[in-house]
Each structure stands twice: as C-alpha cells, then as structure tokens.
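Hi everyone, thanks for coming. I'd like to walk you through one model today, so have a look at it while I get started.

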Amino acid sequence: MLRTYESLQLERELKRAMERKEFRLYYQPKLDLVTGKIIGVEALIRWDHPEKGLVPPLEFIPLAEETGFIIELGEWVLTTACLQNKAWQEAGYLPLLMSVNLSARQLYQPNFVQRVNQILNETKHAPECLIFEITEGIMLDAFHAPRVIKELKSIGVQISLDDFGTGFNSLQYLHELPIDKIKIDQSFIRNCTSDLNDATIVKSVIELAHQLKMGVIAEGIETKEQLNYLQQNLCNIGQGYLFSKPLPPKELVKNFNQIEQVMIRDGVPPERNYQIRIKESMENNRQEMLNRVKMQQGLFFKFKKMEGKFIHTLCDGKLLYRMGLTPNQVIGKELSDFLPLSFAEDLDRYYRKAWDGEEDVTYEKEINGIYYITSLSPIRRGGFVTEVIGASINITKLKQAEEALKVSESKYRIITENTQDLIRVINLNNRIEYASPSHETVLGYPPEVYQGHLIFEMMHPDDVVRVKNQYADMALSRNPMQTEFRLKYANGGWVDLEIKATPVFHNDKIKQFVIVARDITKRKQAEELIRKSEKLSVVGQLASSIAHEIRNPLTTIKGFVQLLQKEVDLPVYFDTMFSEIKRLEEIIQEFLSLAKPNVCKIKEISLNILLKQVLSLFESQSIMNDIQITKEFDLNLPLIQCDGNQMKQVFIQILQNAVEAMPNGGTIKVQMSGHGTDFVKIRFNDEGSGISKERMRKIGEPFYSTKEKGTGMGLMISYKIVKDHGGWIEMDSSINHGTTVEVILPIKNSNSGIRMDESKNLLLGKKDDTIEKITDARYLVK
Ligand code: C2E
Ligand code: MG
Ligand code: MG
C-alpha cells in the first residue's frame with residue numbers, strides 16, 4: 001500500500017495521541033419516541049488535538065482501520081464507554097443503554113468476543129446494556145460476520161445495524177442474523193418530510209423492522225417535523241441534534257432535563273401519540289392475525305349478509321391457494337362469484353344455516369381435487385348473528401387413504417362375492433352382519449335371508465350347543481378356531497360345512513368374527529362311499545372264500561342225495577332237498593360273481609333292443625299281477641358299450657323289485673333318455689310301497705334286503721355292475737308313493753373292469769338325506 005507522507009505522519013500522531021490521552025468520548029442521547037425519555041447514549045470518539053482542536057472521527061477512523069490501530073483504539077473506546085456508563089449508574093442515574101460503534105477490522109480480530117467479555121467483566125458492565133453498532137459493510141464477509149455476531153449475541157450484548165439503507169442491500173441478513181435494532185441512516189431522515197421517496201423509505205423500513213420484531217432508531221433528527229413524521233409512523237427511538245449534539249459526559253448529564261423537554265415541546269401530544277399506538281397495535285394484531293391465517297395450513301374465512309348476499313370479508317390460508325383460489329377472488333365476493341353456480345348454491349344452504357344461528361354447521365366438499373371439511377360458527381352481537389367465521393382443513397390425504405382402502409376392499413369383495421366358500425362377518429352378539437352371495441348356491445337361500453340373524457338359527461339342532469361353546473371359547477382365547485356344523489338347505493336336508501372362524505381386532509379388542517365355511521357334503525359323501533366300498537370289498541373276499549368252502553361240501557351232498565334218490569322212494573322229500581340245494585347253489589353263484597374280478601364282455605349294444613327283451617320277460621308276470629308297464633324311449637340314442645348279459649341282469653333285478661313292491665298292481669314306467677352328452681339314463685318308476693329313508697341308506701349294502709326272503713345281494717351286484725361300467729344308480733323313494741331307480745350309463749365304457757377297492761372311482765351314487773341336493777351327475781363322475 002502506497003502511504004503518503006501525511007498518512008504516515010497521522011499514524012505516528014494517533015499513537016502519540018493515545019499515549020498522551022488525547023482521545024475523548026462524546027455521548028449523544030437516544031430518546032424513546034413514545035415516553036420522551038432518554039434511554040441510552042451513543043459513544044462517539046473525538047480527538048482533542050493540541051493544535052487543531054477537536055478532530056471529528058471521520059478524519060482519523062478510516063486510517064486507524066487501515067493501519068490496524070483501530071484495534072487498540074476500539075478497546076479503549078469500549079473500556080471507556082463501559083466505565084462511563086457504570087459511573088453514571090453508580091451516580092444514581094437510571095441504567096442507560098450504551099451504544100458503541102464497531103469497525104469491520106475489530107469484528108474480525110481473533111478472539112474479539114473473548115476480549116469484549118473480558119472488558120465487560122473488568123468494568124462490571126452488564127452485557128444487556130451494551131449495544132454494538134455495526135454497518136452493513138461488515139456483512140461483506142458473509143462467512144465470518146454472522147458467526148461473530150451470533151457469538152456476541154450469545155454473551156448477551158445487543159446488535160444494531162447502523163446507517164441502514166446506505167450500504168449493500170442486506171435485507172436477507174436481516175432475518176438470518178440476530179439483529180435487535182435497525183438504525184435508519186440520517187440521509188433518509190434529513191428529507192423525510194420533503195421528499196416523498198425518502199418518506200416512503202423511512203415508513204417502509206419502520207414497518208419492515210416491526211415485521212421482523214426489531215426496534216427502529218432514527219438518527220440525525222434535526223426538526224420537529226421529522227420527529228413528528230417518525231412518531232406518526234411509529235419509529236421507536238430517535239437521536240439527533242434536535243435533542244442534543246454529542247456531548248462530553250459532564251455536560252450531557254447537566255442537560256438531561258433540557259433534552260427530555262424537547263419531546264414535550266416538539267413531540268406529538270401524548271394522548272394523540274397514545275391513539276396512534278393503539279391504532280397501530282390493533283393494526284399490528286390484525287396483521288398478525290392475517291399472517292397467521294395466511295400461514296395456517298387450512299383456510300379461514302368470514303362472511304356477512306349484506307343486501308341479502310353472503311359476502312366474504314376475510315379469506316386466507318394455504319388451503320385456499322391449494323384450491324386454486326386467492327384471497328382477492330373471495331374477499332368482497334359472494335360464493336357464486338368464484339364458484340360454479342350449482343356448487344355455490346349447495347354451499348349457500350350451509351351459509352344460511354349458520355347465519356340463522358345454527359351452531360356446528362359442517363360440510364365436506366371437493367374443489368379441484370382438494371377434499372376439505374369446513375365448520376361454520378356464527379358470531380353474535382346483541383343477540384344477532386353479525387358475522388360467520390368459517391374454518392376449513394384439508395382432508396385430501398385422508399380421502400386418498402380412504403380411496404386406497406376402498407380399492408383393496410373391492411379386491412376382497414371380488415373374492416368374497418365370487419368364492420364358492422361361504423363368507424360371513426359375525427358381530428359380538430353372534431348376529432350375521434355380512435353373508436356372501438355364495439350362500440345362495442351353497443344353501444339355496446339368498447344372502448339377505450341371513451343378514452341380522454343369529455348364526456345358530458339355521459344350524460342343525462344337534463350342532464348348536466357344541467358350536468355355541470366353541471364360539472365362546474374363541475372370544476375368550478382370541479384365537480381362530482376350526483369346526484364343522486350343518487346348516488339347513490333351502491329344499492330340505494342339511495349341508496355339511498367345515499368352518500374356520502377368525503376374530504377381527506380393532507385397537508386390541510375383538511370387533512367381529514370372520515367365518516369362512518366350505519361345503520364338505522361332497523367330501524362326506526365320498527367318505528360314505530369309501531365306507532361302503534370298503535364293506536363291499538371285505539364282503540367280496542369273504543364271499544369268495546365262503547363260496548368255495550360251501551360249494552365243495554355242497555357238491556358232495558348233492559351227489560349223495562342223487563344216489564339216495566335211487567334207493568329211497570320219497571319223491572316229495574327229494575324234491576324239497578333238490579330245490580333247497582339249488583337255492584344254495586344260486587346263492588353261492590351270486591357270491592362268486594361278486595367276488596370274481598369282472599370279466600366283462602363289452603360290445604356295442606342297443607339298449608333299446610336289450611330293454612325290450614327284458615320287458616318281454618315280464619309280460620306274463622305283469623299281467624298276473626295286474627301291472628302295466630309303459631315304455632318311453634328316445635329312439636335316437638346311440639349304441640352303448642356294455643356287457644349285455646350283465647346289464648340285462650341289472651334291469652331284471654330292478655324290474656323284479658318293482659313288480660314285487662306292487663302286489664296290488666299299478667304302473668311301472670320305463671323311460672330312456674340321454675343324460676348330458678356322454679351318458680344315457682334308464683329310469684324305472686313304480687307305484688309300489690316305497691322305501692323309508694333309513695332303509696334307503698342301506699340299500700346296496702350286502703345282506704340288506706327289504707324283502708322277506710332276499711339276500712340283499714341282488715341290488716348290490718347291480719350297483720357293482722353299473723359301477724364297473726362307469727355309471728351309477730340313483731334311487732329315490734317315498735313310502736306309499738313308489739320308488740324311482742335311475743341307471744346312468746356312459747355311452748363309451750372306459751371304466752370296464754374297475755376293481756371294487758378303487759374307492760375314488762366308486763360311483764355308487766345314491767340319494768340319502770345328506771346328499772339330497774346333489775342331483776347333477778358331474779358331482780359324481782369326477
Ligand atoms: P455514526 O455512528 O453514524 O454516528 C452518527 C454521526 O452523526 C455522528 O457523527 C453524529 O455526531 C452525527 N449526528 C448525530 N446527530 C446528528 C444530526 O442531527 N445532524 C447531523 N448532521 N449529524 C448528526 P460523528 O460523531 O462525526 O461520527 C461519524 C461516524 O464516525 C460515526 O457515524 C461512526 O461511524 C464513526 N465513529 C464515531 N465514533 C466511533 C468509534 O468510537 N469507533 C468507530 N469505529 N467509529 C466511530
Ligand atoms: Mg453509530
Ligand atoms: Mg449512523
């Protein structure tokens with residue numbers, strides 16, 4: 001740096017001045033513009049030069065800053081100012097705020113904050129009563145300045161931003177830094193009553209400072225007009241020649257009263273000032289409220305009835321913008337001014353209710369994809385509603401969650417609505433809240449029939465007590481349970497169900513039970529078939545061995561009887577013996593045919609012809625018994641693959657039973673028709689005595705006969721033959737009305753030769769009360 005002779009000279013002189021104690025601190029008072037009292041002073045340095053007299057700071061501070069002498073000088077200023085303030089306090093003056101100017105150089109000196117702290121300790125000065133005045137230029141170092149300022153704040157001193165408006169526009173620092181006061185530069189104050197621009201700036205800076213919760217000081221107040229303008233615009237603190245020039249401490253103290261008189265003489269009268277402040281504070285509150293309204297996530301509004309219309313007097317909040325509206329579109333307007341007419345009319349109803357005094361009017365609406373809920377509260381004055389306040393909150397997220405829930409619910413619905421399983425939701429009182437549509441297919445009643453009813457209502461009486469206990473246990477243990485019970489089928493009979501019941505919890509409390517039930521009638525039926533077939537297979541084996549055991553001795557007996565016949569002449573006895581032996585042989589034959597693996601002679605046969613042959617065998621017998629046999633054959637049926645002799649045996653057996661069941665005559669109807677595309681059905685319907693349900697169950701089992709002399713083998717063998725052909729026999733009977741036997745045979749025989757123990761393919765389909773509803777062949781052929 002090129003130094004001039006003068007500057008080098010000055011530097012030497014400053015150092016000497018310090019040694020010679022030629023520096024002085026002058027103090028300029030700061031007044032509270034509301035109370036008119038001196039609240040603090042600003043320390044301003046002077047150099048009492050032996051020849052030049054008082055040298056103003058601007059003539060030596062810049063050089064001191066340049067050379068670094070400012071550090072030493074600054075410490076002297078701070079120490080002196082603190083000592084002076086302390087002295088005043090000890091002399092009994094009210095504690096004043098001491099303002100000290102800082103240069104950038106000082107601020108960036110290492111350990112500056114510790115130094116300040118040290119000086120405050122040494123002088124026993126309260127940090128709260130010290131204000132550092134810094135200029136905007138200090139902010140140039142955007143890294144250090146904020147850090148040091150924050151440190152200073154942390155030891156308790158205040159920061160004031162000096163010469164505000166002259167330097168760099170540091171508005172952004174204003175809210176980033178912990179600044180307590182803004183000091184409007186005197187250049188703006190000078191013209192604030194003559195220049196509209198400056199007036200506006202001053203006013204705006206004051207408002208801005210207030211917005212930021214900072215105090216405002218005006219420096220350089222020289223006239224009454226300037227003071228009044230600042231007071232009108234709510235500047236907090238004033239400083240300037242109008243009150244006092246910077247003075248040496250002794251003189252300042254002497255002039256204290258006189259200085260405060262200036263405010264009484266030139267300031268705005270106290271009452272007026274008070275009004276201004278009240279108005280201001282009201283305005284502030286209002287502004288504050290509006291800001292809060294604006295900041296709030298929701299939406300806040302007010303309306304009044306004016307000339308029959310609901311006019312909004314206030315409206316703001318983030319939600320409003322979300323809805324795609326602005327306060328300007330709403331305030332001073334009625335609903336139809338900014339909303340589609342139908343929507344406006346809809347809302348108008350609620351507005352009217354609230355205006356008519358109804359409390360807690362709430363509504364839920366949607367605007368531009370935003371869902372919100374609004375509540376209206378009427379405000380009364382003197383018994384009348386004078387305005388209505390409304391508040392809305394955004395519930396879009398909630399709605400979206402609800403929507404998502406609905407989607408997932410609908411997924412479940414698809415399952416529950418389409419499953420073959422029964423799904424039920426049961427409440428804690430054992431009543432059915434929901435029954436799936438599958439109830440109709442499984443139980444024959446539409447689901448509505450069950451809704452609201454007790455779960456035990458259509459349950460088999462034998463199951464109720466057990467199931468009730470199981471439910472109670474589940475509610476207690478809170479664990480899912482599995483059971484079985486029977487429910488009534490619409491057309492009579494019962495449907496076997498396997499049940500899984502699960503408690504549904506809400507906040508750890510059981511709220512409902514969900515029941516999933518599966519129709520296991522088919523399974524039960526299969527089990528029944530297996531049971532029966534097992535019986536058959538055992539009997540088959542047994543029969544085979546018994547047959548052999550009996551046949552051999554029987555042959556011997558027969559031979560000896562024939563020999564005896566020649567020697568003894570008792571023809572009646574022998575006839576009887578032979579007929580009994582013949583009967584025994586027949587039984588054995590039957591046994592053996594049951595036990596023997598079937599050797600079928602499968603041929604393509606016309607059932608038409610075969611049945612006609614069989615019927616012709618019954619002609620004489622039926623005439624004798626006064627029985628009429630009618631035929632109703634579908635002549636278009638194809639040939640079927642079967643063993644003609646075995647099939648004849650089946651039909652003869654069935655017809656024989658029918659004839660025997662009708663001792664008093666009647667009609668036997670024989671019908672033959674297609675059954676689906678792959679089967680034919682031969683139906684024998686008699687008008688005989690009928691068979692009871694209990695007996696029906698046992699038909700087809702060996703050694704069970706409804707006939708006095710029957711062995712029960714005949715029908716069992718028929719079942720077996722039909723089954724071996726891949727078909728089945730269905731029987732239905734009611735006492736005194738007759739019996740219907742249906743033989744269903746496949747057109748193409750693929751099951752020929754099936755063995756009895758292949759239980760899965762056992763197709764001894766037979767109606768009893770547990771499988772009554774299954775009439776569709778598909779169930780049985782699977
Ligand atoms: P500043 O901090 O803005 O101080 C206010 C200046 O305006 C003072 O000038 C003061 O005498 C003057 N003033 C006050 N009221 C009126 C008024 O009504 N009309 C007019 N025309 N002027 C008024 P001063 O004392 O000459 O100080 C000038 C500047 O020197 C100060 O400006 C401050 O930046 C700096 N300064 C003064 N003392 C110190 C100090 O101890 N350390 C540092 N670093 N700088 C200082
Ligand atoms: Mg200053
Ligand atoms: Mg200034």
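I'll talk about the metal site, then one helix, then the cysteines.

A word on conventions: this is a predicted model, where local features need pLDDT of at least 70, side-chain atom pairs count only at pLDDT 80 or more, and totals for chains, interfaces and linings use all residues. Residues are numbered from 1 along each chain as its sequence is written, chains are lettered from A and ligands numbered from 1 in the order in which they are written, and side-chain values use heavy atoms, with hydrogens and water left out.

So, which residues hold the magnesium ion (ligand 2)? Its protein donors are Glu 42 (OE), Asn 101 (OD1), Glu 133 (OE) and Asp 162 (OD), at 2.0 to 2.3 Å. By donors I mean N, O and S atoms within 2.8 Å of the metal (3.2 Å for Na, K and Ca); water is not among the atoms, so sites may look incomplete. Along the chain, the spacing reads E-x58-N-x31-E-x28-D. Glu 42 sits in strand β2 (residues 38–49) and Asp 162 in strand β6, so this pair ties together parts 120 residues apart in sequence. Strands here are DSSP runs of E, at least two residues, and helices are runs of H or I, at least four, numbered from the N terminus.

Now the magnesium ion (ligand 3): Asp 162 (OD), Asp 163 (OD) and Glu 219, through two OE entries, coordinate this ion at 2.0 to 2.6 Å. The two magnesium ions, ligand 3 and ligand 2, are 4.3 Å apart, and Asp 162 coordinates both. Because Asp 162 lies in β6 (residues 158–164) and Glu 219 in strand β8 (residues 215–219), that pair links parts 57 residues apart in sequence. Asp 162 and Glu 219 are both buried, where buried means under 20% relative accessible area, with a 1.4 Å probe and protein chains only.

On to helix α6, residues 144–155. Its buried residues are Ala 145, Pro 146, Val 148, Ile 149 and Leu 152. They cover an arc of only 165 degrees, taken from the directions from the helix axis to the C-beta atoms, which puts them on the same side of α6. Right after α6 comes Gly 156, with a positive phi near 110 degrees.

Last, how many disulfides does a search of the whole structure find? Zero, taking a disulfide as two cysteine sulfur atoms within 2.5 Å. The sulfur of Cys 82 is 9.9 Å from the closest cysteine sulfur, in Cys 129, too far for a bond.

How values were computed:
Buried means under 20% relative accessible area, exposed over 50%, partly exposed in between (1.4 Å probe, protein chains only).
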